Amino acid sequence: MATPAPASEVSGTQAAILAAYTELIDEVGTDDVSFRLIALRAGVGERTVFRYYPTRVDLLLATAAWIERTIFTRAESDSIFDVPIAIREAMEAYDRRPELAYVVAETAMRGVNGSDPAPHREEFDGMLRREAPALADADRRAVVAALCHLDSAATWVTMRRELGMSGRDIADAATWAAEAILDPLRDGESGR
């Protein structure tokens with residue numbers, strides 16, 4: 001199983017394949033999409049798809065990483081206290097493209113995507129060090145972990161599938177939870 005290439009290392013042909021598979025997942029899900037159909041949509045030969053992605057797992061992992069980098073991207077927050085808004089926007093984005101959110105979440109939950117499981121971990125940690133410098137290391141790690149967990153397609157899928165929540169309710173709940181995590185840090189209440 002190959003590790004998905006970083007966005008900067010994806011060739012034009014790979015990008016066409018990943019974009020084609022993304023479109024097809026959005027249209028029909030992951031079950032009925034053959035390599036041949038992906039090749040036709042991408043405008044390449046079927047062997048080209050196999051050359052870059054020898055197995056369906058390789059293709060799915062690369063596509064999930066592609067979706068995260070190209071579909072579910074967002075601007076970085078300037079402040080840790082802006083993160084709840086970013087989480088709300090992420091939940092709304094997952095709700096607009098549920099088939100793609102399921103692909104990203106399921107590859108991450110199965111631990112097979114080979115990517116950093118918490119893409120905003122360093123960003124959140126850096127903002128907390130800057131904006132809440134008195135926060136103890138253990139508390140900072142706990143806040144980062146909680147925000148990273150909330151800020152994921154897996155959270156959206158869990159709330160949708162297991163709790164039967166609507167997209168709006170998911171966005172409200174995730175935002176509320178993020179605010180509840182951050183409220184004690186406001187006004188300098190950041191130490192133990």
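Okay, let's start with one residue: glutamate 131 sits in helix α7. When I say helix, I mean a DSSP run of H or I with at least four residues, while a strand is a run of E with at least two, and both are numbered from the N terminus. Before going on, a word on what you're looking at. This is a predicted model, so local features need a pLDDT of at least 70 and side-chain atom pairs count only at pLDDT 80 or more, while totals for chains, interfaces and linings use all residues. Residues are numbered from 1 along each chain as its sequence is written, and side-chain values use heavy atoms, with hydrogens and water left out.

Back to glutamate 131. Is it buried or exposed? Glutamate 131 has 25% relative accessibility, so it counts as partly exposed. The cut-offs go like this: buried is under 20% relative accessible area, exposed is over 50%, and partly exposed is in between, with a 1.4 Å probe and protein chains only. Now, which residues does glutamate 131 touch, if we skip those up to four places away in sequence? They are Asp78, Ser79, Ile80 and Phe81. Touching, or contact, means heavy atoms within 4.5 Å. Take phenylalanine 81: glutamate 131 is 50 residues from it in sequence, but their C-alpha atoms are 9.1 Å apart in space.

Let's follow one of those partners, isoleucine 80. Outside its neighbours within four places in sequence, isoleucine 80 is in contact with Phe124, Met127, Leu128, Glu131, Leu147 and Leu182. Isoleucine 80 also belongs to the largest nonpolar core, a group of 57 residues in which Ile38, Ile80 and Leu147 have the most contacts. A nonpolar core here is a set of buried Ala, Val, Leu, Ile, Met, Phe, Trp, Tyr and Cys residues joined through side-chain atoms within 4.5 Å. In soluble globular proteins, nonpolar side chains tend to be buried together.

Stay with α7 for a moment, which covers residues 121-131. Its buried residues are Glu123, Phe124, Asp125, Met127 and Leu128. What covers them? The cover includes α5 (83-96) and α8 (137-150). Arginine 121 is in α7 too, and it is partly exposed because its relative accessible area is 37%. From arginine 121 to histidine 149 you go 28 residues in sequence, and 9.8 Å in space from C-alpha to C-alpha.

Okay, zoom out. How many helices and strands does the chain have? There are 10 helices and zero strands. Of the 192 residues, 43% are buried. And if you take contacts between residues at least 6 apart in sequence, 74% of them join residues at least 24 apart.

Now a helix pair. The axes of α1 (residues 12-28) and α2 (residues 35-42) come within 8 Å and cross at roughly 115 degrees. Those axes are lines fitted to C-alpha atoms, for helices over the stretch in contact, and the angles run from 0 to 180 degrees between N-to-C directions. On the α1 side, the residues that meet α2 are Ala16, Ile17, Ala20, Tyr21, Glu23, Leu24 and Glu27, and on the α2 side we have Leu37, Ile38, Arg41 and Ala42. That contact splits into eight nonpolar, no polar and three charged residues. For the record, Ala, Val, Leu, Ile, Met, Phe, Trp, Tyr, Cys and Pro count as nonpolar, Asp, Glu, Lys and Arg as charged, and the others, Gly among them, as polar.

Ile17 shows up again with threonine 48, which lies in helix α3. Threonine 48 touches Thr13 and Ile17, not counting residues up to four places away. Threonine 48 counts as buried because its relative accessibility is 17%.

Over in helix α6 there's glutamate 99. Glutamate 99 touches Ile25, Asp26 and Gly29, again leaving out residues up to four places away. Glutamate 99 is partly exposed, at 36% relative accessibility.

One loop stop: serine 152, between α8 and α9 (153-161). Serine 152 is buried at 17%, and beyond its neighbours within four places it contacts Met91 and Tyr94.

Last thing, confidence. pLDDT is the predictor's confidence in each residue, from 0 to 100. The chain averages 87, and 89% of the residues score at least 70. Among the elements, α6 has the lowest mean at 86 and α3 the highest at 96. Where pLDDT is low, the predicted coordinates should not be read in detail.
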